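User: I would like to learn how to read a ligand site and the strands beside it in a model like this one. Could we go through it feature by feature?

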Amino acid sequence: MLPPEVLLKMAEPIMHHREPEFEKIFAEIREGLKYLFQTKNEVLIFTSSGTGAMEGAVSNILSKGDKALVVRGGKFGERWAEICKAYEIEFVPIDVEWGKAVNPEQIQKALESNHSIRAVYTQASETSTGVRHPIPEIAEIVKRYEETVLVVDAITGIGVFNLPMDAWGIDVLISGSQKALMLPPGLAFAALSDKAWKFVERSDLPKYYFDFKKELKSSKKNQSSYTPAISLFVGLREALRLIQKEGREGVFQRHERLAMATRAAVKALGLELYAPDSPSNAVTAVKVPGGIDGERLKDLFFEKFGITVAEGQDRAKGKIIRIAHLGYYERLDMVMVISALEMLLKEMGHKFELGTGVKAAEEILMK
Ligand SMILES: Cc1ncc(COP(=O)(O)O)c(C=O)c1O
């Protein structure tokens, strides 16, 4: 769901992207993104889905012969590995059991035993499993290696929970428009630390559209290198205004409360979390009770209530459903989805008392 303020702005007639009016919007966006990413450096904007910025974070950061360390604990961790492969970058995978967060010690060990690792690639929030990885601890470790940078895919992290890029020492922080930024898909973001920019200077991997150096130069002139998705930029200015009005802290607290309520509700219904130890505040992955088909449950959400929940991907297919609570969500949205879950589970034969989940959610949402 998107805020009406954003939708209305995006419906306005399209301006030309080399007009002063667009440059004014661009300038405001640059400041808003710095606030959101908590960095003094520029946040680059690309007209692409989030994966474009992920690809750029390989092709611009690494050089031929460099090695990477990839945290692979879900579909999006696997994507880092696939991008490395596409660029013929040798990578050391840390395979994390789905539903679990990476243990920072494993990263420490891998870096100690392999001095040619130039970049650590991870997610802040692994959307496919609902896990939050321990970014501050990982950043503490990577910081000690002058020749290694930390690249964090925060596509479902930015605007959901605190990720102060400069304060924690994250070197590359990536996001996309369609999650907590409350926009349609189509924009990708990448912010780089001073350390990461040095890696960009020497990178010799092929790149063209996702050329960070080129985009930085354009950004500083309040321009994009190529024709941008103008309506999305106009919407982005509005979304950033809304975020700044609510305040970063307010946004994080709202997400935390919605996530806590969702987790409490599903547990009250006798369901298990897929990521109980380190759940992300972006999405709650819930194990579907025995005898119930997760895919069918997901379909029924839409058929009966017009609610979109996600199913599990790959090895989690049919076993989990994922309930999102990031972006333009308020308390009653969660009450509604939990109520729908109760009605569907009841019809499908799961044993519990109606209202138990809603009650557990409400108790947290009222705090
Ligand atoms: C953590 C994470 N990384 C990467 C992506 C891929 O982003 P996109 O589909 O915008 O390319 C997603 C999309 O859901 C995501 O959640």
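User: Which atom of the ligand does a polar side-chain atom of Thr127 lie beside, and at what distance?

Analyst: A polar contact is a pair of N or O atoms within 3.5 Å; within protein, one must be able to donate a hydrogen and the other to accept it, and residues adjacent in sequence count only if both atoms are side-chain atoms. Here a polar side-chain atom of Thr127 is 2.5 Å from an oxygen atom of the ligand. For Thr51 the distance from such an atom to a ligand oxygen is 2.4 Å, and for an N or O atom in the side chain of Ser49 it is 2.5 Å. The model is predicted, so local features need pLDDT of at least 70 and side-chain atom pairs count only at pLDDT 80 or more, whereas totals for chains, interfaces and linings use all residues. Side-chain values use heavy atoms, with hydrogens and water left out, and residues are numbered from 1 along each chain as its sequence is written.

User: How much of the ligand does the protein bury?

Analyst: Accessible areas come from the Shrake-Rupley method with a 1.4 Å probe. The ligand taken alone exposes 390 Å², of which the protein buries 89%. Of the 13 residues around the ligand (each with a heavy atom within 4 Å of it), those that come nearest are Ser49, Thr51, Thr127, Asp153 and Gln178.

User: Which element gives the most to that shell?

Analyst: Helices (H or I, at least four residues) and strands (E, at least two) are DSSP runs, numbered from the N terminus. Two elements, α3 (50-59) and α4 (75-86), give two or more residues to the shell, and α3 gives the most, with three residues.

User: Asp153 also belongs to β7; are the faces of that strand covered or open?

Analyst: In a regular strand the side chains alternate between the two faces of the sheet. In β7 (residues 149-153), five of its five residues are buried, meaning under 20% relative accessible area (1.4 Å probe, protein chains only). Val149, Val151 and Asp153 lie on one side, with Leu150 and Val152 on the other.

User: Which strands does β7 join, and how do they run?

Analyst: Strands of a sheet pair through backbone hydrogen bonds, either parallel or antiparallel. Two strands count as paired if DSSP finds at least two bridges between them. Five bridges join β4 (residues 117-123) to β7 in parallel, with Gln123 partnering Asp153. Three bridges join β7 to β8 (residues 172-176), also parallel, and Val151 stands opposite Val172 there.

Key: Buried means under 20% relative accessible area, exposed over 50%, partly exposed in between (1.4 Å probe, protein chains only).
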